[in-house]
Amino acid sequence: MFADLHLHTNFSDGTYSPEELVAQAAKHGLAAIALTDHDTVEGCERAGAACREAGIEFIAGTELTAEQGGNELHILGYFLDTQNGKLLLEISKFQAVRQNRIREMVARLNDLGVPLGADSVFALANCRSPGRPHVARALVNAGFCRSLDEAFERFLKKNRPAWVPKMKMSALVGIELIHQAGGLAVMAHPGLNRTDDSIPGLVDAGLDGIECFHTKHSTATAEHYLQLADRFHLLVTGGSDCHGLSKGKPLIGTVRLPYEHVARLKSKIQRQS
Ligand code: AMP
Ligand code: FE
Ligand code: FE
Ligand code: ZN
């Protein structure tokens with residue numbers, strides 16, 4: 001039995017609806033999945049319902065955009081109470097940050113002579129947690145760029161002319177926010193940012209786990225983080241970080257986390273409640 005604990009839908013910057021995502025999970029024979037859309041839990045209700053239909057175990061989650069010591073890092077939350085008032089209030093602030101950032105990026109594009117409308121980005125995103133991939137898709141759809149890669153390379157990558165920095169939640173605050181919503185906090189894809197120095201501080205703040213298995217982690221990288229998980233007594237997670245069709249091939253099914261890790265997450269949650 002295998003799980004995929006890192007998945008996105010069109011409630012953030014993925015392209016699948018929750019139902020399409022669950023159909024893919026069923027196709028790949030997954031026993032359990034977690035939905036981890038950026039800074040939102042909105043898709044969890046529909047994904048949970050589709051999983052019940054399909055006989056797949058569902059874990060309500062999110063992926064918080066956070067920072068620690070000036071470095072961006074992503075904190076996954078699992079087993080969240082998706083009705084938790086404080087969680088919903090805090091993530092709604094970061095959704096507003098994302099929406100304002102879209103307007104700022106569009107204003108920069110306009111200054112650069114690219115007459116894209118913010119409304120076209122919001123219409124395409126059709127969610128409360130829009131991001132740069134939506135701007136990139138709007139640029140391609142309007143014919144200003146030939147590909148998403150070109151949109152990022154010319155305009156949207158860090159330090160490119162339409163890039164706008166994003167205000168982020170403190171990682172320590174993010175961990176606490178996840179805990180008070182009944183969840184477990186896990187450091188996402190540590191090998192992408194290579195911010196190992198921040199791990200002890202996160203552990204002190206109550207970090208529960210670390211994502212050792214990820215599409216962009218080599219075998220050596222996964223092994224490195226398995227060792228750190230052991231040293232810091234962290235639970236081990238993994239997922240494909242599938243964004244549907246937005247980044248080429250759908251990645252769901254490429255990372256298969258043995259179910260025993262899900263069982264360990266669940267026993268920690270049960271010990272706490
Ligand atoms: P944002 O949260 O708005 O800063 O956007 C981050 C999203 O953009 C993540 O899903 C990234 O994987 C995606 N992204 C970042 N750089 C690129 C790139 N060069 N090409 C395609 N997608 C990218
Ligand atoms: Fe994303
Ligand atoms: Fe991430
Ligand atoms: Zn992700």
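Metal sites, buried residues and a cavity in a predicted model

The zinc ion (ligand 4) and the iron ion (ligand 2) are 4.7 Å apart. This is a predicted model, in which local features need pLDDT of at least 70 and side-chain atom pairs count only at pLDDT 80 or more, while totals for chains, interfaces and linings use all residues. Residues are numbered from 1 along each chain as its sequence is written, chains are lettered from A and ligands numbered from 1 in the order in which they are written, and side-chain values use heavy atoms, with hydrogens and water left out.

Q: What makes the site of the zinc ion (ligand 4) irregular?
A: The ion is coordinated by His-6 (NE2), His-8 (NE2), Glu-63 (OE) and Asp-241 (OD), at 2.0 to 2.2 Å. Donors are N, O and S atoms within 2.8 Å of the metal (3.2 Å for Na, K and Ca); water is not among the atoms, so sites may look incomplete. The angles among the four donor atoms run from 79 to 167 degrees. Four donors count as tetrahedral if all angles lie between 85 and 135 degrees; four count as square planar and six as octahedral if opposite donors are over 155 degrees apart and all others between 65 and 115; anything else is irregular. The zinc site is therefore not tetrahedral and is classed as irregular.

Q: Which donors of the zinc ion (ligand 4) link distant parts of the chain?
A: Along the chain, the zinc donors follow the spacing H-x1-H-x54-E-x177-D. His-6, in the loop between β1 and α1, and Asp-241, in the loop between β8 and β9, are 235 residues apart. Helices (H or I, at least four residues) and strands (E, at least two) are DSSP runs, numbered from the N terminus.

Q: Why do His-6 and Asp-241 count as buried?
A: Buried means under 20% relative accessible area, exposed over 50%, partly exposed in between (1.4 Å probe, protein chains only). His-6 is at 0% and Asp-241 at 11%, so each meets the criterion for buried.

Q: Which residues are the protein donors of the iron ion (ligand 2)?
A: They are Asp-13, listed with two OD entries, His-38 (NE2) and His-243 (NE2), lying 2.0 to 2.6 Å from the ion. Asp-13 is in the loop between β1 (2-4) and α1 (18-27) and His-243 in the loop between β8 (235-239) and β9 (257-258), so this pair ties together parts that are 230 residues apart in sequence. Both Asp-13 and His-243 are buried.

Q: What makes His-189 a donor of the iron ion (ligand 3)?
A: The NE2 atom of His-189 is a protein donor, together with Glu-63 (OE) and His-74 (ND1), at 2.0 to 2.2 Å. His-74 lies in strand β4 and His-189 in the loop between β6 and α8, so the pair ties together parts that are 115 residues apart in sequence. His-189 is buried, with a relative accessible area of 4%, and has a positive phi of about 20 degrees although it is not a glycine. Most residues other than glycine have a negative phi.

Q: What lines the largest cavity?
A: Its lining consists of Asp-39, Thr-65, Phe-94, Val-97, Arg-98, Lys-166 and Met-167. The largest share, three residues, comes from α3.

Conventions
On a 1 Å grid over the protein atoms alone, a cavity is a set of points where a 1.4 Å probe fits but cannot get out, and a pocket is an open set with protein on both sides within 12 Å along at least five of seven lines; lining residues have an atom within 4 Å of a point.
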